[in-house]
Amino acid sequence: MKTVSLTIDGKKITARPGEKLLRVALENSIYIPNLCAIRDKPEPSASCRLCFVEIEGGEEPVTACTIDVTEGMVVNTRGEKALALVRAGFELLMASHALDCAHCPANGNCELQKIARHLKASLKTKRLRLLLRELPIDDSNPLFTYDPNKCVLCGRCVWVCRQNIKSGVFGFAHRGFERVMTTFADEPIGADRCLDCSQCVEVCPTGALSFKEGKRPSTEDG
Amino acid sequence: MKVIKQTTAAAAFHEIKERAESHWRELWHDKPVIMVGTATCGRAAGAPDVLQAFRDEVKKRKLDCPVIEVGCMGHCYAEPIVIISKPGYPPICYGYVNPVIAERLVKEFILGDNPCPEFVIGALEANDLLPSFDDFPRAQHEQKIILKNCGHIDPTEIEHYIAGGGYNALAKTLGTKPEDIVEEVKRSGLRGRGGAGFPVGRKWQYCREAPGRTKYIICNADEGDPGAFMDRSILESDPHSVIEGMIIAGYAIGARYGYIYIRAEYPLAVERIQIALKQAKKLNLLGNHILGSSFNFDIILFHGSGAFVCGEATALAASIEGKPGTPRPKPPRMTAAGLFGKPTVVNNVKTLAFIPLIIRNGTEWFTGTGTKNSPGTAVFALAGKIVNTGLVEVPMGTTLRQIIFEVGSGIPKGKKFKAVQIGGPSGGCLPESALDLPVDFDSLQEVGAIMGSGGMVVLDEDDCMVEIARYFLEFTQRESCGKCTFCRLGTKQMLEVLNDFTMGKGAMEDIDSLERLAGEVKAGSLCGLGQTAPNPILTTLRYFRDEYEAHIELGKCPALMCQHLIAYYILPDKCERSCDACVGSCTVEAISPNKKRIKVIDQTQCVKCGTCLAACPPQYNAIVKLSPPSEVPAK
Ligand SMILES: Cc1cc2nc3c(=O)[nH]c(=O)nc-3n(C[C@H](O)[C@H](O)[C@H](O)COP(=O)(O)O)c2cc1C
Ligand code: SF4
Ligand code: SF4
């Protein structure tokens, strides 16, 4: 099979042509911050804007999720310009995130914490103002809770749900700052359409969708 | 073989054209014709009543005088506009017409021989009797190419368009190889009028050469910029020019279907396109075997949802597909995988309206106007503090000064020019020092603005630049689709900061962090909306930073516009004892006379509505705005 070779952060890597740079990096244990990427989803949504990298010969940073790897590509995930953008994007997200790690079910298993560590950035932004929305929490599903105040609008749950149920339980509503991940006609998640497969909770990178006490299907359960 | 095909189309068209021309001659033969502008701008000013008045009058007096509806001539400030063409006279354009004037015009001009000069704006041709448009200073700069028909033909009569040379280009196209049409458009150097100025020929070529049999051409008529209405005007006034452009584009790229994506808020444009499509189909200019050739093409009208972001090409395609109208990352380019995943060309209304003219008149004719890298004309919608609001078409390379002061007749009420906002919410605010800039795609980019849709809002000394930036950002924040982080959250953050500035809150460092955030949103956003949303901020910071500083450091709005930073004050030595016009005008009873019968505003009561300022008689002119409010003398 035909392959291409490229360099990421000095590491020589071979990949299949046409593969997305973000995937290739992650598969080769090179972490690039990301929230909206899903392994099996063919088209990137490119909405979280956190996977900016620098490519030799290119002037501006680009999102790794939208770039096809090509032969001889030289990538720097640690470039100053790219990291400045990633930090800015991350800060924007955190400025509108109901930060409360100590009481959050995702604590220790949260992509936002991981990104903060990677960027050596604080979870609390000082530069921007806190803009929280204080939306109601949806507790109606027997298995899990949805706290929109922790949602980063990555769309992962929306996508996996559509893979399972054609019409999907989830979707986005409203525009601009008011955009929110919600259910059709804002009905409670617990209503009949949900199959309780809870895959949405598995893919949620934050504590927005989280299992209720004792409902996490853990390995110990069998 | 090729030659036979060519003659079929040409011959078929020849017949249509002959008929149209003879009907057109008949219309004008030996009788007066009254043309009433009934595009949206005319209607808003009362054109339907004027139209009815003319029709009633003509009927009552049993005159042989057709009364026809035409589109918008661009002189929107003077609507309702009527053109009367009477044998022995040059065609005369009347402005601010009402039913009473209509009656007089019929009585005195159609029946008599008094052209009523008091209502005339200008004659359309040079003559000894009346001033003509050619004598106006604006005529020196205006050059109507795509607006040429607007206001001069009945948009619901395909024969009017044909009689003026319309569909000639299509007949010619059908006898030419598609590649050659693409080549011709490429050579013309035509750039897209939807905002970014992408070379049209190159876009067509990408699409034509993309693999696959199914391709689409989409006409982008979303026009969501506040204050922009040139696309609406063209669709209402000369729909066939756009349709012909689309058919030619379809032929060139190899499309069987085209879509017109039109704002649902444009009912009149929708109606006129529907009529136009029907008429084109009837004459076999659309549909199967167009003009007897082997080319089949149809146009589907799609009503947009009215979201600004749906004007972005990928969001627009998603919207037609029935998906949420949010942009997707590029690549793949639309010309590789667009509507329903097929190679697609998206072109603006104006772009397509240029096509028939270029094919008909040739590349040299087209490149004879405009600048080297931006050939042709630019259409602007003049609005704001300018005497002649309306549509103008000038060659690319005309300076802002010429457009604003000569074509637009400058700033009303003797006020001073301050800035011009070009390109709507994605554009920038340019100061006086930029007035001599020859306007084209590239020059605007260099100074931080963009051509955008062609909205041009003129601002004077009473406009606060911080407030202007805030106003546009409020729009983009509301219209952001919210999909991507920078645009969704960054515009909101910036809006909050600007809201504070207009209230005098904030620190000087906030200006720098605003500028930095603006740069980040520009670089980080997914689509053009977010990438350009910071432009109003960045340009006002670049050219009017002192105004930001005054707001923050002094709590002062130099333009006296920001409500929180001004106070109304009655100058004691100007106030007339015997007058109390302001007292009664105040809605919250904040004004009362003091012992000397001088009126005083209770600042704690005042809601800063400004009614009193308007109520104070001009001979006293005793009420002023002060900023900061602490300027008001204590007692
Ligand atoms: C937020 C946004 C809104 C847009 N709105 C319009 C519009 O209303 N009309 C338009 O022609 N192009 C609009 N565009 C530009 C289109 O994406 C596209 O570039 C254009 O229609 C291409 O046509 P052209 O090559 O003829 O200029 C918009 C772009 C963005 C990012
Ligand atoms: S709930 Fe979780 S998975 Fe769904 S959009 Fe929000 S952050 Fe993403
Ligand atoms: S830049 Fe704004 S409008 Fe464009 S995709 Fe991002 S959120 Fe949506």
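Tutor: A polar contact is a pair of N or O atoms within 3.5 Å; within protein, one must be able to donate a hydrogen and the other to accept it, and residues adjacent in sequence count only if both atoms are side-chain atoms. The model is predicted, so local features need pLDDT of at least 70 and side-chain atom pairs pLDDT 80 or more, whereas totals for chains, interfaces and linings use all residues. Residues are numbered from 1 along each chain as its sequence is written, chains are lettered from A and ligands numbered from 1 in the order written, and side-chain values use heavy atoms, without hydrogens and water.

Student: Which atom of ligand 1 lies 2.9 Å from a polar side-chain atom of Lys203(B)?

Tutor: An oxygen atom of ligand 1 does. An oxygen atom of the ligand is also 2.9 Å from a side-chain N or O atom of Asn220(B). At Gly311(B), a backbone N or O atom lies 3.2 Å from a nitrogen atom of ligand 1.

Student: How much of ligand 1 does the protein cover?

Tutor: Accessible areas come from the Shrake-Rupley method with a 1.4 Å probe; for residues, only the protein chains shown count as cover. Alone, ligand 1 has 610 Å² of accessible area, and the protein covers 86% of that.

Student: Where do the domains of chain A lie in the sequence?

Tutor: Domain bounds come from an automatic or database domain assignment. Domain 1 of chain A is 4-77, and domain 2 is 133-222. Their C-alpha centres lie 28 Å apart.

Student: How many salt bridges cross the interface of these domains?

Tutor: A salt bridge is a side-chain nitrogen of Lys or Arg within 4 Å of a carboxyl oxygen of Asp or Glu. Between domain 1 and domain 2 of chain A, the rule finds zero.
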